Amino acid sequence: MSSRIDENNYHGGEQDVTEAVKIRLYPTDEQKKIINQNIGNRGFIWNKMLVKIKYEKVKPTQKTLNNILKELKNEYSFLEKSESSSRQQVYRDLIKAYNKHKKEGAGFPKFKSEKNPNISFRIQANNNNIHLNERKNRIQMPTIGKIKFKTSKEYKQKIQESQINNITIKHENGIYTGIININTNHIPLEHCFEAVGIDMGIRRPLTCSDGLKIEEFDLIREEKNVKYYQREMSKKQPGSKRYCMAQKRYWKALNKKINKKNDQYHKITHHIVKNNQVIALETLKHKRMV
């Protein structure tokens, strides 16, 4: 097979796309309470609706679940503390998960619990209710207010100049992040006329037809640190000051490992996409290979 493609098939130019921009959030203690309340309420609404679908055989339509949401708001007053669009987003996500189960053969939606937690919620943008303020290091959101954030200058500029569709706020391993969905203009990478085939394996994750070989990442030091701080945390009384301090050290080590792995993945995939126009991959299930 030739490693080049027909140059006459090239179609370039600027495109209107939706893009996700990830930012690091630094909420105050009061804002953390509001965020955690929204996250908890989302899991609560999800479970209540899933009970109706699974055990009472309620058909999950937007109208039906919206009526259930109204009943829940009347019965549980604490749900009013959630941002309104984040409550509605729960049944949209639930309908999507249920349809995937019915039409695409995915697993049945699961209940949210400590083992299967819900760590995020989404706020829809409406009438400029989500925007950066003049200082550009604060983002305004309904119910939560202005939150300090950090990201690159390039992404600040992109968010400022683009239309915001929604923001998903996550709390994971002690870190709060916001994923902003925006409408923006995308300038494609410089066009190339190469093609590559990629073989996926167990001992060596990727072997490319152009000779590029990707070995297993060296994360031995990071994994040792994670296990060490995990043991230290297990020796402390849950909820105590020493436990919280050990948990913070564990989260820091875990995030360092995750960030290093994601950084390496990003560099590899960017290199492959930048230098090839066509990418061919095997459709294998690695669990079965193991």
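Modeller: In this predicted model, the side chain of Ser162 reaches the backbone oxygen of Lys158 at 2.6 Å.

Colleague: Where is Ser162 found?

Modeller: Ser162 lies in the loop between helix H4 (153–161) and S6.

Colleague: Is Ser162 buried or exposed?

Modeller: Buried means under 20% relative accessible area. Ser162 has 15%, so it counts as buried. Leaving aside neighbours within four places in sequence, Ser162 is in contact with Ile182, Asn183 and Thr184.

Colleague: How should I read the sheet, and what is the order of its strands?

Modeller: Read the order across the sheet, then look for the edges. The sheet is open, has seven strands with antiparallel pairing, and runs S2-S6-S7-S1-S5-S4-S3. S2 and strand S3 (131–132) are the edge strands, each pairing on one side only. Further in, S4 and S5 pair in the antiparallel sense over four bridges. Gln140 stands opposite Lys146 in S5.

Colleague: And the nonpolar core: which residues touch the most other members?

Modeller: The general idea is that in soluble globular proteins, nonpolar side chains tend to be buried together. Here the largest nonpolar core has 21 residues, and those touching the most other members are Ile23, Leu25, Ile35, Ile139, Ile167, Ile169 and Ile180. Among the elements that each supply at least two residues of this core are strand S1 (15–26), helix H1 (29–54) and strand S7 (175–186).

Colleague: Take Ile35; what is it in contact with, leaving aside its neighbours within four places in sequence?

Modeller: Ile35 is then in contact with Pro27, Phe121, Ile144, Ile147, Ile169 and Tyr176. A second, separate core of 16 residues includes Met49, Ile53, Tyr91 and Ile95.

Conventions: Residues numbered from 1 in each chain as written. Predicted model: local features only at pLDDT ≥ 70, side-chain atom pairs only at ≥ 80, totals over all residues. Heavy atoms only, no water. Core = buried A, V, L, I, M, F, W, Y, C linked by side-chain atoms within 4.5 Å. Buried < 20%, exposed > 50% of the residue type's maximum accessible area, 1.4 Å probe, protein only. Contact = heavy atoms within 4.5 Å. Polar contact = N/O pair within 3.5 Å; in protein donor to acceptor, adjacent residues only side chain to side chain. Pairing = 2+ DSSP bridges.
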